[in-house]
Amino acid sequence: MAEKMSAGEVEGALSGLEGWAKTEGRDAIQKTFKFADFNAAFAFMTKVAEKAEQMNHHPEWFNVYATVEVTLATHDAGGVTSLDVELAGFMNEATA
């Protein structure tokens with residue numbers, strides 16, 4: 001199991017993750033992705049789903065048309081871990 005990161009470690013990780021921020025009221029990170037249309041948003045979600053399955057680490061996300069809201073936390077660890085940072089980085093790369 002991945003270990004929960006300290007607040008300082010999370011802040012350090014966020015400095016390298018464009019657009020990601022701490023989630024208010026819980027130990028998690030979040031980002032909203034905006035795409036040109038539903039097909040682009042769904043293609044992104046499909047790509048991320050494959051990576052999440054490989055990692056056995058799944059995001060909390062919500063999709064409406066061209067917007068995908070993502071929250072990442074490792075429930076077993078009770079907060080943000082390196083798995084969340086890795087998946088967040090992958091998501092950013094998937095939009096590049």
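1. Glu 60 is partly exposed in this predicted model. Its relative accessible area is 28%. That is over the 20% limit for buried and short of the 50% needed for exposed, so the middle class applies. The side chain of Glu 60 meets that of Arg 26 in a salt bridge, 2.9 Å from N to O. Arg 26 sits in the loop between S1 and S2, and Glu 60 belongs to strand S3, so this bridge ties together parts that are 34 residues apart in sequence. Arg 26 also counts as partly exposed, at 36% relative accessibility.

2. The salt bridge count comes to four. One of them pairs Lys 22 with Glu 11, with the closest N and O atoms 3.7 Å apart. Lys 22 lies in strand S1 and Glu 11 in helix H1 (residues 7-15). The two are 11 residues apart, and the pair links distant parts of the chain. Lys 22 is partly exposed, with a relative accessible area of 44%. Glu 11 is partly exposed too, at 41%.

3. Helix H3 has its own link to helix H2. Glu 86 and Lys 51 join their side chains in a salt bridge (3.5 Å, N to O). Glu 86 is in H3 (residues 82-94), Lys 51 is in H2, and 35 residues separate them. Glu 86 is partly exposed, with a relative accessible area of 40%.

4. Now the sheet. Four strands form an open sheet in the order S1-S2-S4-S3, with antiparallel pairing. S1 (21-22) and S3 are the edge strands; each has a single partner strand, so one side of each has no neighbour in the sheet. As a rule, strands of a sheet pair through backbone hydrogen bonds, either parallel or antiparallel.

5. Take the strand pairs in turn. S1 and S2 run antiparallel and are joined by two bridges. Here Lys 22 stands opposite Ile 29 in S2. S2 and S4 pair in the antiparallel sense over six bridges. On that side Ile 29 stands opposite Leu 72 in S4. S3 and S4 are antiparallel as well, with five bridges between them. Phe 62 faces Glu 69 of S4 across this pairing.

6. The S1-S2 hairpin has six residues between its strands. Gly 25 takes a positive phi there, near 85°.

7. Which residues of S2 are buried, and which are not? The side chains alternate along the strand. Ile 29, Lys 31 and Phe 33 point to one face and are buried. Gln 30, Thr 32 and Lys 34 point to the other face and are not. Note that Lys 31 is in the buried set.

8. Helix H2 lies across S2 (29-34), S3 and S4. Its direction is at about 160° to S3.

9. There is a nonpolar surface patch of about 540 Å². Phe 38, Phe 42, Phe 62, Val 64 and Tyr 65 make it. H2 (38-55) and S3 (60-64) are the elements that give two or more residues to this patch. Tyr 65 comes from the loop between S3 and strand S4 (67-72). A relative accessible area of 53% makes Tyr 65 exposed, because the class begins over 50%.

10. Check two backbone angles. Most residues other than glycine have a negative phi. Tyr 65 has a positive one, near 50°. Asn 56 also has a positive phi, near 55°, and is not a glycine. Asn 56 is in the loop between H2 and S3. With a relative accessible area of 62%, Asn 56 is exposed.

11. Where is Asp 76? Its place is in the loop between S4 and H3. Asp 76 counts as exposed, at 66% relative accessibility. Asp 76 and Glu 3 are 73 residues apart in sequence, yet their C-alpha atoms are 9.0 Å apart in space.

Conventions: Residues numbered from 1 in each chain as written. Predicted model: local features only at pLDDT ≥ 70, side-chain atom pairs only at ≥ 80, totals over all residues. Heavy atoms only, no water. Patch = residues over 30% accessible without salt bridge, like charges linked within 9 Å, V, L, I, M, F, W, Y side chains within 5 Å. Areas by Shrake-Rupley, 256 points an atom, 1.4 Å probe, with all protein chains shown as cover. Buried < 20%, exposed > 50% of the residue type's maximum accessible area, 1.4 Å probe, protein only. Pairing = 2+ DSSP bridges. Contact = heavy atoms within 4.5 Å. Axes fitted to C-alpha atoms, helices over the stretch in contact; angles between N-to-C directions.
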